[in-house]
Amino acid sequence: MGGPLAQLTLWRVREFLREPEAIFWVFAFPVILALALGLAFKNRGPKVVRIAVEQGAGDAALVANLDADPEIEAVLLDQAEAYRRLKTGRIALVVGPGDPAVLRYDSTRSESYVARLVVGDAIQKAAGRKDVREVRDVKVTAVGSRYIDFLIPGLIGMNIMGTGLWGVGFGIVRVRNRKLLKRLLASPMKRGQYLLSNVLARLVFLVLEVGAVLLFGYLVFGVPVRGSFFTLATVVLIGAMTFAGLGILVASRVRTIEGVSGLMNVVMVPMWIFSGVFFAHSNFPDAFQPFILALPLTAFIDALRAVMIDGSSLVAVTGLLGIVVAWGIGCFGIALKIFRWE
């Protein structure tokens, strides 16, 4: 039993190593993406609010008062140019001088809503308003609450899903397309051994795949791993096996490269969008949540974030892992029954 399985696993590993494109997408791409997004959303303190003041009576004094606020950058423009910049997103708000002052902004843009609060407060203070109660600010920057801390587990989950589906499923269809599966069928090998060898070969590179992203995140951005590495390794292992099983299921009956490529995208794109890779899945309406929470990538990434950011134990993420395991067992079991050699 061990002989054929070991040889099949070794074959799949060697086949992977002969593909520089696959090595790039597995190891280099997640690190490059983490660097780009980490720099783009790096904490730099509060942004200066860029606004325009329309030309009119009292405009010079209004610009001077607003510009005096360190959080506001005001420029004096004619009405047409001010509205053009507002529509194109170059400024967040337009102030019309007068009594009352008119604030024009797009309430659907978060930066415009923030600008409304900041500018409104500055106008009231310039008019002599005094706060009834004194408030003292204490600014805190906590490692673990930054966007990059949220992003790294999402990238790990996305990469494990992608390599599980493409690395396993695409490889199976390519072998079938070359008529090599028919030759394997003639050998003393069981169907389960061949399918399991694809999963085991996938696990060979798992430590390097995940370790590269974790090490990069820690060295460059100081991303923490607050939970135990044993718990993290368990979560990663379960997720990798599940997505390898999903890859086998997708490729179990497909004959062409074009067919499996389309099917892979149908499976992966919804999870890329809904499962919280780049932003929290709670942003979607409540009606979507039962569907989103049932997705394997959602549960997997939530478990990764719970371990890395919150320091959760293995027991605490058992429910999430149960969803991932159920998907893995179901996918592998169905694939074992419907797998086609030709």
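This is a conversation between a biologist and a modeller about a predicted model and the terms used to describe it.

Biologist: What makes up the protein overall?

Modeller: The protein has 14 helices and four strands. Buried residues account for 45% of its 342 residues. About 18200 Å² is exposed, and carbon and sulfur atoms supply 63% of that area.

Biologist: How are the four strands arranged, and why is the pairing called mixed?

Modeller: The strands form an open sheet in the order E2-E1-E3-E4. E1 (residues 49–54) and E3 run parallel and are joined by three bridges, whereas E3 and E4 (residues 102–104) pair in the antiparallel sense, also over three bridges. With a parallel pair and an antiparallel pair in one sheet, the pairing is mixed.

Biologist: How do you know that E1 and E3 count as paired?

Modeller: Pairing needs at least two bridges between the strands, and E1 and E3 have three. Ile51, for instance, stands opposite Leu93 in E3. On the E4 side, Val95 stands opposite Leu103 and Val94 stands opposite Arg104.

Biologist: What makes E2 and E4 edge strands?

Modeller: In the order E2-E1-E3-E4, E2 (72–77) and E4 each pair on one side only. Neighbouring strands of this sheet are turned by 25° against each other on average, direction ignored.

Biologist: What covers the strands, and how do you know that both faces of E3 are covered?

Modeller: Look at the residues of E3 (residues 93–96): Leu93 and Val95 on one side are buried, and so are Val94 and Gly96 on the other. In a regular strand the side chains alternate between the two faces of the sheet. As for neighbours, helix H4 (residues 79–87) lies across E1, E2, E3 and E4, at about 135° to E2. Helix H5 (residues 110–126) packs on the sheet and touches E1, E2, E3 and E4, with its direction making about 30° with that of E3.

Biologist: What stands out in the loop between E3 and E4?

Modeller: Pro100 lies in that loop, and the peptide bond joining Asp99 and Pro100 is cis, with omega about 10°. In the same hairpin, with five residues between the strands, Gly98 takes a positive phi near 140°. Most residues other than glycine have a negative phi, and most peptide bonds are trans.

Biologist: Why is the contact between Glu73 and Arg50 called a salt bridge?

Modeller: The cut-off is 4 Å between a side-chain nitrogen of Lys or Arg and a carboxyl oxygen of Asp or Glu. The closest N and O atoms of Glu73 and Arg50 are 3.6 Å apart, so the pair meets the definition. The pair links distant parts of the chain, with Glu73 in strand E2 and Arg50 in strand E1, 23 residues apart.

Biologist: Why is Glu73 called partly exposed?

Modeller: Buried means under 20% relative accessible area and exposed means over 50%. Glu73 is at 39%, so it counts as partly exposed. Arg50, at 46%, is partly exposed too.

Biologist: Which other salt bridge ties strands together, and is Glu54 buried or exposed?

Modeller: Arg104 and Glu54 meet in a salt bridge at 3.0 Å, N to O. Arg104 lies in strand E4 and Glu54 in strand E1, so the pair ties together parts 50 residues apart in sequence. Glu54 is at 8% relative accessibility, so it counts as buried, while Arg104 is partly exposed at 34%.

Biologist: How far apart in helix H4 are Arg85 and Glu81?

Modeller: Arg85 and Glu81 are separated by about one helical turn, because they are four residues apart in helix H4. The closest N and O atoms of their salt bridge are 2.9 Å apart. Glu81, Arg84 and Arg85 are linked in a network of salt bridges. A search of the whole structure finds six salt bridges.

Biologist: Helix H9 holds both Leu206 and Tyr218. Why is Leu206 called buried?

Modeller: Leu206 has a relative accessible area of 7%, so it is buried. Leaving aside neighbours within four places in sequence, its contacts are Ile160, Gly211, Val236, Leu237 and Ala240.

Biologist: And why is Tyr218 called exposed?

Modeller: Tyr218 is at 54% relative accessibility, so it counts as exposed. Tyr218 helps to make a nonpolar surface patch of about 510 Å² with Leu35, Leu215, Leu219 and Val220. H9 gives the most to that patch, with four residues.

Methods: Residues numbered from 1 in each chain as written. Predicted model: local features only at pLDDT ≥ 70, side-chain atom pairs only at ≥ 80, totals over all residues. Heavy atoms only, no water. Buried < 20%, exposed > 50% of the residue type's maximum accessible area, 1.4 Å probe, protein only. Helix = DSSP H or I, 4+ residues; strand = E, 2+ residues; numbered from the N terminus. Axes fitted to C-alpha atoms, helices over the stretch in contact; angles between N-to-C directions. Contact = heavy atoms within 4.5 Å. Patch = residues over 30% accessible without salt bridge, like charges linked within 9 Å, V, L, I, M, F, W, Y side chains within 5 Å. Areas by Shrake-Rupley, 256 points an atom, 1.4 Å probe, with all protein chains shown as cover.
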